[in-house]
Amino acid sequence: MRLTTGILASALTAATILGGVPAAQATPPLSKKPAPTFTTTIKEGRKAVRTALKETKATSASVALVSGDKVVWSETFGRGKTAGKKPSPRAMYGVGSVGKTVTAIAVMQLVDAGKVSLDAPVVRYIPDFRMASPQYRQITVRMLLNHSAGLPGTDYADGITYKPVTSYVDRLLVGLRTSRLKTTPGAMNVYCNDCYTLAGLVVERVSGMPFTDYVAKKILDPLGMKHSTYLTSMPLPSNVAPVVRKGKADPLQVPNILAAGGMLSTSDDMARLAMIFTGDGVVGGKRILSSAAVQQMGTDQTTTTLQAAAPSSFRYGLGWDSVADPALKSAGIRGWTKGGDLVQYHAAFMVAPDNGLAVVVEGAGLTFNSGSAETIGGTVLLNALVESGAVKKMPKQISTDPPAKDRPTKKQLRRITGTYLAQGLTQKVTEGEGRTLSLWRLSDGKWVRQPGRYVHRGNGRFWATKNPGQSITSVAAWDRRYLVSRAVGGTGTYRSSMTIGQNVRPGGKLTPAWRNRVGSTWLLANEDPSSVFWSIGDPPAVEIAAVPGLSGYLLAQGALVALVPFDAMTSDTSGSMFVEVPLMMGRDMYDFDFSQSGGQEYLRFSSSVLKSAATVASLSAGSNPVAIGAEGYVEWYRVPTASTLTISGQKHWKLFDKKLLPRDSGDGATSTAQAPEGAYLAVFGPAGSTATVTVG
């Protein structure tokens, strides 16, 4: 799962299901040359890790390099005294979405066994899977694995908590029943965590055992991955690589999105997993996957789907972000890559299957990310390919020098100027002096101009004057217009394109109902008290915001969402998702529904329910009875003046200041708190229970 502060069928034989898959490359004859020592690879790898740790201020990182069926280098790195000692080589890191590769392996094992068909509908295996769009019946197992199912994206509700929450999958199914599809199934690949949660449920329903038990029995145990697990219970702190800030380890966050990104592992264990792909499905004499299944996982799934621009870093396979890794492609080598990001942990899993090489990179830290890990991994693999003799020399670094200037036409300027929306990023392009362009990004409700200008060049693109090698262009596709950015990628040996926004023109005027919601705040009402969204330092709320200069469309931003655009012109009570951007920037879109119940207005999307902050009642001096309603929703109150609060009758409560930033919390039967003026109090409890808040 990639999360921000932005998480996932007729019995045919495997040969029939995997028909048309290219045959595995023949094993080359044994060479008389001595085995490479990978001395330079290790030297350059260490340098890359230490540079990344310094730049990102991460706590630690761990690396393992595989050659054939051996781990030829494994090392763990710390960042010095301020981050504490480097963790044990057996300390586990969260691998995030790299766990999707494990889920895909599990599904493909069932395909090998003739129990699952990739192109059969998901409802064959999960009969209780339903959505508001009737086309959900067209979603196949393959579409789950290649991110083309058209699901909204990620249901983050209780997705990451401080203790295991076992109800996550059931809650996801409930949320999907009232959710629409974002795109036609199979039409467009858009990154989707919920797809992999459903894929894990396919494994569970078909195998007859819990997903985690299946993975342990069929994958982890046969591979000897003794230091890998899913957090269905809390591990000993010594078994997990800590994230250290200001000399203190942060509490461990638990990813309940098990099949989409919930696994913890060591780099050595993940190296064992990589041997499935360096060994064409066989590890230590045990066949884990058929050769056909391995090759099918590595087959490009984006060749027949809608694309705005040729993908570079993302060419989805089954369980892979890319089956044409651009760093390895720059050396003429086929590479398969999967990255993973949680809040605390990040990873990269990279394989050169034809050359028997693989690398695993894991990192602990809030600003280290999968891009950092993939840059390290690409550096390691490129050097290993040179030392093993697979390539003669390292590929050249890409020049960042732009082509000659070229005066754009008025038509070219009109085509690219305008407002562009995506998940997590709202931008506009305007014309400046001398027919140059300026790029603006929306931040806290205001347009902020990005440094430099964009100048038209001879290759038809507008090149940045401040970001060497970066350029933008506008591309027409599917009766829409998209903004495409191109820049030099990780290892500096390739250029990578990314579709970063869909052009949207101003629409109609907002109705009074929607004008009243602009600037409104909505408080989490059905999130577990252990959810990270109560305590990560941001308000546990969603705000509805306008896009300056773009009428008819609004943004939802805050907890559970990361700047999600929606259409506010079709209904007074529902904001509709409408942006369709392929690959990464179109993920996690939702319909936002508003309704009245019991005299209060609620906001609902996915499985989340939020209450209007405008209707929160104020506590009075003395004793205040609290009744948790039949739905079990969190009860919210304002504290008019600075007071001492005594809370009894419930186990969990949380206190926030007037800006909704975390102030205090309690988990005892009776506890007290000092509340500042204008504070918010959230009281949790089972449906139908009561509590008392005394204000003194």
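How many bridges pair strand β1 with β2, and in which sense? Select residues 60–67, which make up β1, and then β2: the two strands pair in the antiparallel sense over eight bridges. As you look around, keep in mind that this is a predicted model.

**Stop 1: the five-stranded sheet**

Stay with this pair and pick A64; its bridge partner in β2 is S74. Now widen the view to the open sheet that β1 and β2 belong to, where five strands run in the order β2-β1-β14-β13-β12 with antiparallel pairing. Select 70–78 for β2 and 336–341 for β12 to find the edges; each has a single partner strand, so one side of each is left without a neighbour in the sheet. From one strand to the next, the twist averages 5 degrees.

Next, add residues 39–56. This is helix α2, which packs on the sheet and touches β1 and β2. Its direction makes about 30 degrees with that of β2.

**Stop 2: a link from helix to sheet**

Show the side chains of R46 and E75. They meet in a salt bridge, with 2.7 Å from N to O. R46 sits in helix α2 and E75 in strand β2, 29 residues apart, so the pair links distant parts of the chain. Is E75 buried or exposed? E75 counts as buried, at 15% relative accessibility, while R46, at 33%, counts as partly exposed.

**Stop 3: a three-stranded sheet**

Move on to the open sheet with the order β3-β9-β5, again with antiparallel pairing. At its edges are β3 (93–94) and β5 (229–230), each with a single partner strand. Select 263–265 to see β9, which pairs with β5 over two bridges. T229 has L264 in β9 as its bridge partner.

**Stop 4: salt bridges across the chain**

The salt bridge count comes to 16. For one of them, select E527 and R171, whose closest N and O atoms are 3.8 Å apart. E527 lies in the loop between β24 and β25, and R171 in helix α5, so the pair ties together parts that are 356 residues apart in sequence. E527 counts as buried at 3% relative accessibility, and R171 counts as buried at 14%.

Then select E580 and R480, which form a salt bridge at 3.4 Å between the closest N and O atoms. This pair ties the loop between β28 and β29 to strand β22, parts that are 100 residues apart in sequence. E580 counts as buried at 19%; R480 counts as partly exposed at 23%.

To finish, add D158 to R171 and E527: salt bridges that share partners join these residues into one network.

Definitions and conventions
Residues numbered from 1 in each chain as written. Predicted model: local features only at pLDDT ≥ 70, side-chain atom pairs only at ≥ 80, totals over all residues. Heavy atoms only, no water. Pairing = 2+ DSSP bridges. Helix = DSSP H or I, 4+ residues; strand = E, 2+ residues; numbered from the N terminus. Axes fitted to C-alpha atoms, helices over the stretch in contact; angles between N-to-C directions. Contact = heavy atoms within 4.5 Å. Salt bridge = Lys/Arg side-chain N within 4 Å of Asp/Glu carboxyl O. Buried < 20%, exposed > 50% of the residue type's maximum accessible area, 1.4 Å probe, protein only.
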